[in-house]
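Work through the exercises below with the structure at hand. Try each task before reading its solution.

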Amino acid sequence: MYLKRNSQTEIYAKISGDYLEVVMLTGGIDVGTNAVKAVILEDGKLLSYYIGNLAKSDEEAGLIAMQRALEKIENRFSMSDIVVVSTGTKGKGVTFAKKFITAPCAISTSAHALYPGARTVLEMGAENTMAIKIREDGSINDMVYNDKCSAGSGLFLDYMAKTANLTLDEMSTVSLSAKTVPTITSTCVIFAEQEVISLVNENRDLSVGDIVAGIYASLAVKVVGLLMQVGIAGEIVFSGGVANNRGFIHSLEERLDVPIITPENPQLMGAFGAALFARDQA
Amino acid sequence: MFFAGVDIGSRATKVVILEDDRIISHAIDYSGFESLKSAYKVLDMALDKASIGVDLLDEVVSTGYGRIKLPFASKNISDLSSHAMGVNWHYPQKLTLLDIGGQDIKAIRINERGRLLNFVMNDKCAGGTGRFLEVIADVLGVPVDEAGDLSLGSTKEVSFTSICVLFVKSQAVTFRREGMPVPDILAGVFESVATQCSNLLAKVGYDNKIILTGGVAANVGVAGKLKEKTGVEIVIPENPQLTGALGAAAVARRKYFNGKRG
């Protein structure tokens, strides 16, 4: 059971057993290019989350996502009880948030909270790829971004999935059965697609799995290149929607000497980090 | 005397037929996978229009993407040479031309005789090419040959952060969802194309005008933005898509007369 101590603050008192605990509710909203993610934390622990589609405006998307996340916990609280921080490519549009932080800030916060020993973070969302070097205290030391060429982004995989007429999951699964990995020489996604089509038509020895492995290798090479620019120190925390792709992770691991750690819900790392940030801010 | 130039492009095959120093016919067809078949087909179309038979051709020169060997052509010249000569046919002076093709963009500096002085090309990135425009026009539900005119109705500046086909496509979809009018989106896209092209042009330099060729030259939106970006006159030759074929025909003619002299 929860009691509100003061309707002006976001601090709740929770009755558990004979004790009255003060808890703090924070929320994070991450409006990305393809999806909106919302999380609700109670004292930094995940209470609820929601991943949904974008809406007509970023504000609306954020509002709906938070409402859905609240619905999942039977509307135990209302929006005004939560300190909300927003993030993401379009997070600035969420005007009801107390603060907006950049995606790198949010992601480095959550990566550090979950894996205090990690110094390198790789984030691959729908369109943007970034490599972040973080310090012992979780602050950002260096960062490299790719938002100019889709060949190094999750879009490359989406595009190829459409070309191959497979879902992202199907591609991932089939890639693990690859025997040889063909090299795709074109950088541009559009030209790479033509190369793939030629491979399919001209090389009868290659299986679908081989070709998908070739596609992953092409992306992995670019991503590793980005990581090298910030320097790889210790294990890499892999965040963002693309981190759900086992096949691609395998391709990356083959090119790296260090392990790749994937949190349970990699797509939520931005929102999670924003909600953690809210906790430190209040 | 009859001369023919055959240009096998990445998207279309073009033929131009000259009688002495006049253009008497031309034809164009969208290349399927079989370039040779396409070449024969388009040559027949052009011969038909000129009302002459293939045996009346004194010299045939081919050009184009992939440098396919055509059995009926006595010579094959590079894309660059054919474009340069094609532009030189209408503008016999030292100048810079910008060729925006289906899959690449070239900035070419030539002398008054159509010889190459300098050249720079982007063929690694599909951004700004004809393919790029097709993808964007498609996602906005606009026929690609109407996109240029439509963009002229733009009232508001929109900017794109990248020239990448997929990123621009995604941004365009977002803008559309937010209710931005299509002319504004198109104008923004063409602005990006103009920036991409002007970067290339700066590498070869240009005078008081730039000749625009290639399939995209017909797009008034791109031409307009280019003019704004470079500050110089953008000249579009008649039938810009035929420039390569015309240049090849011009070379055929020159080769024939050089042969006669020798």
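A salt bridge is a side-chain nitrogen of Lys or Arg within 4 Å of a carboxyl oxygen of Asp or Glu. The model used here is predicted.

**Exercise 1. Find the salt bridge that Arg131(B) forms, and place it in the contact between the chains.**

Step 1. Look for the partner. Arg131(B) pairs with Glu193(A), and their closest N and O atoms are 3.8 Å apart. That distance is within the 4 Å cut-off, so the pair counts.

Step 2. Count such pairs across the interface. The rule finds one salt bridge between chain A and chain B.

Step 3. Add the polar contacts. Five residue pairs are in polar contact between chain A and chain B, with both residues at pLDDT 80 or more.

Step 4. Ask which elements of chain A take part. Helix 3 (154-164) and helix 5 (189-202) of chain A each give two or more residues to the side that touches chain B. Helix 5 of chain A gives the most, with five residues.

**Exercise 2. Describe the extent of the interface between chain A and chain B.**

Step 1. Count the residues. On chain A, 18 residues are in contact with 16 residues of chain B.

Step 2. Take the area. The two chains bury about 1,500 Å² between them, and 56% of it lies on carbon and sulfur atoms.

Step 3. Find the main contributors. Lys148(A), Ile190(A) and Phe191(A) supply 32% of the area that chain A buries against chain B, more than any other three residues.

**Exercise 3. Explain why Cys188(A) and Cys197(B) form no disulfide.**

Step 1. Recall the bond. A disulfide is a covalent bond between the sulfur atoms of two cysteines. The cut-off here is 2.5 Å between the sulfurs.

Step 2. Check Cys188(A). The closest cysteine sulfur is in Cys125(B), 5.6 Å away, so the gap is too far for a bond. Cys188(A) is buried, at 9% relative accessible area.

Step 3. Check Cys197(B). Its closest cysteine sulfur is also in Cys125(B), at 11 Å, again too far for a bond. Cys197(B) is buried too, at 0%.

Step 4. Widen the search. Over all chains, zero disulfides are found.

**Exercise 4. Compare the settings of three salt bridges within chain B.**

Step 1. Start with Asp7(B) and Lys14(B). Their side chains meet at 4.0 Å, N to O. Both residues are buried.

Step 2. Turn to Arg109(B) and Asp207(B). Their closest N and O atoms are 3.1 Å apart. This pair links distant parts of the chain, 98 residues apart. Arg109(B) sits in strand 7 (residues 105-110), and Asp207(B) in the loop between helix 6 (182-204) and strand 9 (209-213) of chain B. Arg109(B) is buried at 11%, whereas Asp207(B) is partly exposed at 36%.

Step 3. Take Lys124(B) and Asp123(B), at 3.5 Å. Lys124(B) is exposed at 56%, and Asp123(B) is partly exposed at 32%.

Step 4. Look for shared partners. Asp79(B), Asp99(B), Asp104(B) and Lys106(B) are joined into one network. The whole structure holds 16 salt bridges.

**Exercise 5. Locate the largest nonpolar core and one of its best-connected residues.**

Step 1. Take the size. This core has 86 residues.

Step 2. Pick a residue. Phe238(A) is among those with the most contacts inside the core, as are Phe132(B) and Leu226(B).

Step 3. List its neighbors. Beyond four places in sequence, Phe238(A) touches residues including Leu122(A), Met124(A), Phe248(A) and Pro266(A).

Step 4. Look for another core. A second, separate one has 19 residues, among them Ala38(A) and Val94(A).

Methods:
Residues are numbered from 1 along each chain as its sequence is written. Chains are lettered from A and ligands numbered from 1 in the order in which they are written. This is a predicted model: local features need pLDDT of at least 70, side-chain atom pairs count only at pLDDT 80 or more; totals for chains, interfaces and linings use all residues. Side-chain values use heavy atoms; hydrogens and water are left out. Buried means under 20% relative accessible area, exposed over 50%, partly exposed in between (1.4 Å probe, protein chains only). A nonpolar core is a set of buried Ala, Val, Leu, Ile, Met, Phe, Trp, Tyr and Cys residues joined through side-chain atoms within 4.5 Å. Contact means heavy atoms within 4.5 Å. Buried area is the accessible area (1.4 Å probe) that two parts lose on being put together, summed over both. A polar contact is a pair of N or O atoms within 3.5 Å; within protein, one must be able to donate a hydrogen and the other to accept it, and residues adjacent in sequence count only if both atoms are side-chain atoms. Helices (H or I, at least four residues) and strands (E, at least two) are DSSP runs, numbered from the N terminus.
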